[in-house]
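Here are some notes for a first reading of this model, set out as numbered points. Please keep the structure open while going through them.

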Protein chains: 2
Amino acid sequence: MSTAPTVYDVAERSGVSIATVSRVYRNPDSVRAQTRERVLAAARDLGYVPSGNARGLASRSTGVLGLCFPDYADPDTDAEDDDAAMLYSDQIIRGMERAARRHGYALLIAASLKGGPESLVAKVAGRVDGFAVLARTVPTEELEGISRRRPVVMLAGPREEGDHLDHLDHIEVANFDGQRELTRHLVEDHGLRRLAFVGSAEESPDVEARFQGFLAACRATGVEVPDEPAVRAVMMTQAEGARAADALCDRDGGPPQALVCANDQMAVGALHALERRGLAVPDDVAVTGFDGIPLGRLVRPTLTTVRQPMLRMGEEAVELLVRRLNGTPDADPVSLMLPVTVARRASCGCGPEEQAAVAIGA
Amino acid sequence: MSTAPTVYDVAERSGVSIATVSRVYRNPDSVRAQTRERVLAAARDLGYVPSGNARGLASRSTGVLGLCFPDYADPDTDAEDDDAAMLYSDQIIRGMERAARRHGYALLIAASLKGGPESLVAKVAGRVDGFAVLARTVPTEELEGISRRRPVVMLAGPREEGDHLDHLDHIEVANFDGQRELTRHLVEDHGLRRLAFVGSAEESPDVEARFQGFLAACRATGVEVPDEPAVRAVMMTQAEGARAADALCDRDGGPPQALVCANDQMAVGALHALERRGLAVPDDVAVTGFDGIPLGRLVRPTLTTVRQPMLRMGEEAVELLVRRLNGTPDADPVSLMLPVTVARRASCGCGPEEQAAVAIGA
DNA sequence: GCGCATTCTGTAAGCGCATACATGACTCTG
DNA sequence: CAGAGTCATGTATGCGCTTACAGAATGCGC
């Protein structure tokens, strides 16, 4: 692992100047074929790999796009089953990677833990030409500064009015419409009326939108519910979902007829908690989630949920970034809303077979 | 999107030298608190983000690890169902990301398409401190050169004897043992004797090892099979799996009793093809895969397969890289073999419930 | 108040590459 | 065969940061 060879080494070995070496890589046609071969041969001999850092510094661009996402993994779950570990951020990653590749970019990913918030984004931001951020992964103020200098697209968080971030491109899904339709389904098609929403609306604008959709459906169907979520979860993990389910069951009046969870992970946690208590899903309590992670189809009963088009979200994010990168850097901010689908599965009482679903919203 | 501020701007604005600005970020304690605050305030005002390129250049390290993987996605499948798009590389990505984060690294990922092979690895290699490569993603010779200058770990390809790459760290799974056990199960527990192996052994050393495991089980149980795979697939995608299934059914003597596929994607493709032909799985033909991707549990019948611990593979890869990076760069190459588990599900005739599985190999 | 040990901060020299510009070698024209 | 025009290559500079090293400021004991 000796010191890596540089353009200088290659230049010396092939008897040309460093400029020529550089040209061989950046603009091969501008070098005579014979010279080029000599240079490439020397490079091969030396095991030369151009330094991305130096290249980036000199050319002011990296050829890399980035993604910052929160780490919502349930540590315990993963150990026993890889599948369960695939969260929705993973699908966004794949979507972005694929689209990035099409445009000649690589993808740099980093999850933030509550720990060093600043370092994370800064690290990513400093190494990419542009990046996407999953809602609330990064403190607003920090993004504010960063986004002045390079393209950033917000994912999954509705734009915040009056916020300093409204100059950012933005992609969200039909949280409101999706949750409203799912809730309507519970009430009208399954006749459930005592519903409880699980999830902290303050935590994330997505959850807030979902909760509002939930409320809208309740009002429209004449179901009474409190003006705020029955249980606030801090993290949106399985553990929190289980805790929420337990808390709701222990309340006066017993468990509600349906647990409407703000995401799939909490719903799965609730499923487990209810099973431990000997309550049957969906007969005693219906449970629904939101997201459409693979795990939702692996649990029993299979989880009724609202599916987000996550791959597409990742792809669209890249498209927006690329557009800004070559062309219209100062165009007005774009705001996309992608449609969702309600996946009716077993946990709401729809039986084992998944029902055909239609796109909702946007 | 004006020119981004630099240390110089921050230095000027806060009335210090650029060295002090740098120190504030690299080594905060070495700067007086009062000075530090001034600098940070100026940085905040300007929206300053340190350039990763410049930092990397000057400090000769990037704080980034990389992963190169092949793109085996089935383009058509993805559109209709995000879940189906989650391949095994995605799980490796997650495993690596998580471990990388623990060690303070970000992760750069890039899939290679057959197209520009060189540019891909070179690009990644030039931007990271070390990286992992999924078997055969990268031409051997190219890796040869690169790996002389920075840590590389090979994933999922058995080390090739006499190869120039045997100085690389290496992680594989118990391909041979896993496939042998699965094959034994088909023959001894289900009484199947006309088996066909689908997959090109030349393409990948993993497939070769699996095929050898298949052969070993056949010999041990007295089942006769040809010395090479019944069908060679070029890509290991669903489309290829379907084609293979069709080809085998059209042969003289009709379909075999079992299709032993070299990976899950091909197995799923075979499942579809058989269904189209009106053949029942597992009653007419049993089908098995290898990998344990989430999709395998979503198809009907659920897919019997050999599960690889992919998350763990990603994590171990990072551990190996990190170890080389800080400490023992020239230690002897490490070779890890991770155990697999046989997941007995419906497609081999074991019924809908997944059977408890035990670790095999290593 | 002085000398010396400690901080703290500034100066300067790269890190490896891209690229504008200058130079040199040819070819072509008249 | 001189001069203009091409093409290939070299020279020189700077990208934004880190980091010895040196220098200034501060604190301490006496």
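1. A definition is needed before the surfaces are discussed: helices and strands here are DSSP runs, numbered from the N terminus, with at least four residues for a helix and at least two for a strand. The model is a predicted one, and the points below should be read with that in mind.

2. With that naming in hand, we can begin at DNA strand C, where α1 (7-14), α2 and α4 of chain A, together with α2 and α4 of chain B, each supply at least two residues of the nearby surface. The largest share of this surface comes from α2(A), which gives five residues. In total 27 residues surround DNA strand C, and the closest are V7(A), S22(A), Y48(A), T20(B) and T35(B). By class, the surface near DNA strand C divides into 13 nonpolar, eight polar and six charged residues.

3. Which part of DNA strand C accounts for 62% of its atoms within 4 Å of the protein? Sugar or phosphate does, while the rest of these atoms belong to bases. Several individual atom pairs involve the phosphates: a backbone N or O atom of V7(A) lies 2.3 Å from a phosphate oxygen of DNA strand C, and an N or O atom in the side chain of S22(A) is 2.3 Å from a phosphate oxygen of this strand. From chain B, a polar backbone atom of R32(B) is 3.0 Å from a phosphate oxygen of DNA strand C.

4. Turning to DNA strand D, there are 27 residues around it, of which T20(A), T35(A), V7(B), S22(B) and Y48(B) come nearest. Of the atoms of DNA strand D that come within 4 Å of the protein, sugar and phosphate account for 62%. A polar backbone atom of V7(B) is 2.3 Å from a phosphate oxygen of DNA strand D. Two side chains are paired with base nitrogens instead: an N or O atom of the R23(A) side chain is 2.8 Å from a base nitrogen of DNA strand D, and for the side chain of Y8(B) the corresponding distance is 3.0 Å.

5. The elements that give two or more residues to the surface near DNA strand D are α2 (18-26) and α4 (52-59) of chain A, together with α1 (7-14), α2 (18-26) and α4 (52-59) of chain B. Among these, α2(B) gives the most, with five residues. The surface near DNA strand D has 13 nonpolar, eight polar and six charged residues.

6. The two protein chains also meet each other, in a contact that takes 72 residues from chain A and 72 residues from chain B. Between them the chains bury about 5900 Å², with 51% of this area on carbon and sulfur atoms. The size of an interface is often given in this way, as the accessible area lost when the parts come together.

7. How many salt bridges are counted between chain B and chain A? The count is two, and a salt bridge joins the side chains of R94(A) and D90(B), with an N to O distance of 2.8 Å. On the side of chain B that touches chain A, the largest share, eight residues, comes from helix α6 (residues 88-102) of chain B. The residues of that side divide into 34 nonpolar, 17 polar and 21 charged.

8. Finally, the chains are linked through their strands, for strand β2 (residues 106-112) of chain A pairs with strand β2 (residues 106-112) of chain B in the antiparallel sense, over three bridges. Within this pairing, L107(A) has I109(B) in β2(B) as its bridge partner.

Conventions
Residues are numbered from 1 along each chain as its sequence is written. Chains are lettered from A and ligands numbered from 1 in the order in which they are written. This is a predicted model: local features need pLDDT of at least 70, side-chain atom pairs count only at pLDDT 80 or more; totals for chains, interfaces and linings use all residues. Side-chain values use heavy atoms; hydrogens and water are left out. Contact means heavy atoms within 4.5 Å. Buried area is the accessible area (1.4 Å probe) that two parts lose on being put together, summed over both. A salt bridge is a side-chain nitrogen of Lys or Arg within 4 Å of a carboxyl oxygen of Asp or Glu. Ala, Val, Leu, Ile, Met, Phe, Trp, Tyr, Cys and Pro count as nonpolar, Asp, Glu, Lys and Arg as charged, and the others, Gly among them, as polar. Two strands pair if DSSP finds at least two bridges between them. A residue is near a molecule or strand if one of its heavy atoms lies within 4 Å of it. A polar contact is a pair of N or O atoms within 3.5 Å; within protein, one must be able to donate a hydrogen and the other to accept it, and residues adjacent in sequence count only if both atoms are side-chain atoms.
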